[in-house]
Amino acid sequence: MASTLTLNRTGDKMPVVGFGCWKVANEDAENTIYTAIKNGYRLIDGAADYGNEVEVGRGINKAISEGIVKREELFADPTCSVTTKLWNTYHKKEHVREAFNKQLKDLNLEYVDLYLVHFPVPLKHVAIETAYPPGWFQPGEEKVTLDRAPMHECWAEMEKLVEDKVARNIGVSNFNVQLLMDLLTYAKIKPAALQVELHPYLQQSTFVKWVQEQGIQITAYSSFGPASFVSLGVDHAIKAAPLLEHDVISEIAKTHNKSNAQVLLRWSVEKGIAVIPKSSSEARMVSNHDILSWTLPEADMAKIAKLDLNMRFNDPVTYGFNLPIFN
């Protein structure tokens, strides 16, 4: 398996193994991102909603200033590539650029390599000076409020970011096949990538195959399944057998002298899918990154295929929002 995936239109090379910034605490983010880059990560995956882009940017720029990575060339060692995401409250065409500019300023960068629409959920606008990041609710409210912000207008503004050379590539996250089909009917610039929840409990094999056939690269998040959602109090994540301790995964890991985490990450890579694991432990960072020098044979992939439960953890409905976007 190559260490990169080629993005449509630009031909840019996206690293197969990136580092995710979700749930990286602000006080740790600068050093965590710097340490990740120092240990070979060349793709940093962030978002406005994570609330840590200032600190993430400091970590990136520290690595750049020390000569560990460069920004002049794109998506290739020794460069550092950056993905971030447009939050739901900025889908209206008049708010996309202001949100992007805020993120670019926070990251202290001149451009991003990949900019994604985080969710296909147009929420009522919240001014940056009122609350940032604003989350899912209007200030002082505890319910989601949708806005009249059609995706075709939002996407046209995303395309302008490419035209203005401040986003090298654009894509989407948490979109289903119907939304992607619709988007492809009007997009002047095809999405370069789709980021979705993927792990052995949620394999989405038919969807994955169709997306890849459209020339759209896929990045998997939450590769360890329920692990990231237990602390959020997601009931079925708490009740699910942890993939990081699953007997089938453990057996395969033992056979290859690898960790369960490495097997779970390699499972996606075998399918031509990028991964963005996160860890605060430098040792686990190194281990998670070491998934390209070995393979999982078909017999192991077949065993993991049997674990599919169509079990999704990152669903707005799970958090009590009346937004059944995956139904």
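The exercises below treat one helix, one cavity and two pockets of a predicted model.

**Exercise 1. Determine which residues of helix α9 are buried, and what covers them.**

Solution.
1. Helix α9 spans residues 260-270.
2. Apply the cut-off: a residue is buried when its relative accessible area is under 20%.
3. The residues of α9 that meet it are Asn-260, Ala-261, Gln-262, Val-263, Leu-264, Leu-265, Arg-266, Trp-267, Ser-268 and Val-269.
4. That makes ten of eleven residues, and the helix is mostly covered.
5. The cover over these buried residues includes two strands, β9 (217-221) and β10 (274-275). It also includes the helices α8 (247-256), α10 (282-289) and α11 (298-305).
6. Gly-272 follows α9 and has a positive phi, near 75 degrees.

**Exercise 2. Count the cavities of 30 Å³ or more, then describe the lining of the largest cavity.**

Solution.
1. The count comes to one cavity of 30 Å³ or more.
2. The volume of the largest cavity is about 40 Å³.
3. Its lining consists of Met-14, Leu-43, Asp-45, Thr-83, Leu-114, Leu-116, Ala-193, Leu-194, Gln-195 and Thr-219.
4. Assign the lining to elements: β4 (43-45), β6 (112-117) and β8 (193-197) each contribute at least two residues.
5. Strand β8 has the largest share, with three residues.
6. Sorted by class, the lining holds six nonpolar, three polar and one charged residues.

**Exercise 3. Characterise the largest pocket by volume, central residues and class of lining.**

Solution.
1. The largest pocket has a volume of about 950 Å³.
2. It is lined by 39 residues, of which Trp-22, Lys-23, Ser-222, Ser-228 and Lys-278 are the closest to the centre.
3. Helix α10 gives the most to this lining, namely three residues. The helix α10 is also among the elements that cover the buried residues of α9.
4. The classes divide into 17 nonpolar, 15 polar and seven charged residues.

**Exercise 4. Do the same for the second largest pocket: volume, central residues and classes.**

Solution.
1. The second largest pocket contains about 220 Å³ of space.
2. Among its 14 lining residues, those closest to the centre are Gln-204, Asn-310, Arg-312, Phe-326 and Asn-327.
3. By class, the lining of this pocket has six nonpolar, six polar and two charged residues.

Terms used. Residues are numbered from 1 along each chain as its sequence is written. This is a predicted model: local features need pLDDT of at least 70, side-chain atom pairs count only at pLDDT 80 or more; totals for chains, interfaces and linings use all residues. Side-chain values use heavy atoms; hydrogens and water are left out. Buried means under 20% relative accessible area, exposed over 50%, partly exposed in between (1.4 Å probe, protein chains only). Helices (H or I, at least four residues) and strands (E, at least two) are DSSP runs, numbered from the N terminus. Contact means heavy atoms within 4.5 Å. On a 1 Å grid over the protein atoms alone, a cavity is a set of points where a 1.4 Å probe fits but cannot get out, and a pocket is an open set with protein on both sides within 12 Å along at least five of seven lines; lining residues have an atom within 4 Å of a point. Grid points are joined across faces, edges and corners, and a volume is the space filled by probe spheres set on the points. Ala, Val, Leu, Ile, Met, Phe, Trp, Tyr, Cys and Pro count as nonpolar, Asp, Glu, Lys and Arg as charged, and the others, Gly among them, as polar.
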